[in-house]
Amino acid sequence: MFVIMLLLSLFFIRIPTIQLSYMDGSFYLIDNTFELGWVHSVEKEPWFETYERQGFDLYLTTTKFKTFGAGVPSTKEVIEAEDGFVHMVVNEKMDGIRLAVSKNAQTTLYTKNSEIPLYERVDDYDTIVIQVVKASLWNLLRGEKID
């Protein structure tokens, strides 16, 4: 009976997990935080956004960039830093992220232990969806995980 309950739990227990999905596949992040980085199309400078999973919600917590330009938030708190970047506190809840990926922008995902060039996983200008899902233990055990 214990074994049956254990096996059933693999299918029915759901855990909030960050999932990245695209046309040819998907993977789960083990970490609750990650950073997206790319080269800005106009400024030609690196841009980074840090995200954090809090329960079943995903938050854009901070952003950093080299120069102010089109599309840069102007009402957020600036954090003092000496690394050549402007750091801003954002703390906005996201329903998910639809990310157009390109080789030109070198779109990359960073975790505590990994650097994942997303532009190598999909064709130029394909979309990757990043969202918090309720993944079963079974899906987590058998799916690709990145830490």
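Let me start with one contact: Lys-93 forms a salt bridge with Asp-57, and the closest N and O atoms of the pair are 3.4 Å apart, where a salt bridge is a side-chain nitrogen of Lys or Arg within 4 Å of a carboxyl oxygen of Asp or Glu. Lys-93 lies in strand β7 (residues 86-94) and Asp-57 in strand β5 (residues 57-65), so the pair ties together parts that are 36 residues apart in sequence. Strands here are DSSP runs of E, at least two residues long, numbered from the N terminus.

I should say early that this is a predicted model, in which local features need pLDDT of at least 70 and side-chain atom pairs count only at pLDDT 80 or more, while totals for chains, interfaces and linings use all residues. Residues are numbered from 1 along each chain as its sequence is written, and side-chain values use heavy atoms, with hydrogens and water left out.

How does the sheet run? Seven strands form an open sheet in the order β6-β7-β5-β4-β3-β9-β10, with antiparallel pairing, and two strands pair if DSSP finds at least two bridges between them. The edge strands, each pairing on one side only, are β6 (77-79) and β10 (115-117).

Within this sheet, strand β3 (residues 33-39) and strand β9 (residues 108-110) run antiparallel and are joined by three bridges, and Leu-36 stands opposite Leu-109 in β9.

Finally, to return to the salt bridge, is Asp-57 buried or exposed? Asp-57 is partly exposed, with a relative accessible area of 26%, given that buried means under 20%, exposed over 50% and partly exposed in between, using a 1.4 Å probe and protein chains only.

Definitions and conventions: Helix = DSSP H or I, 4+ residues; strand = E, 2+ residues; numbered from the N terminus.
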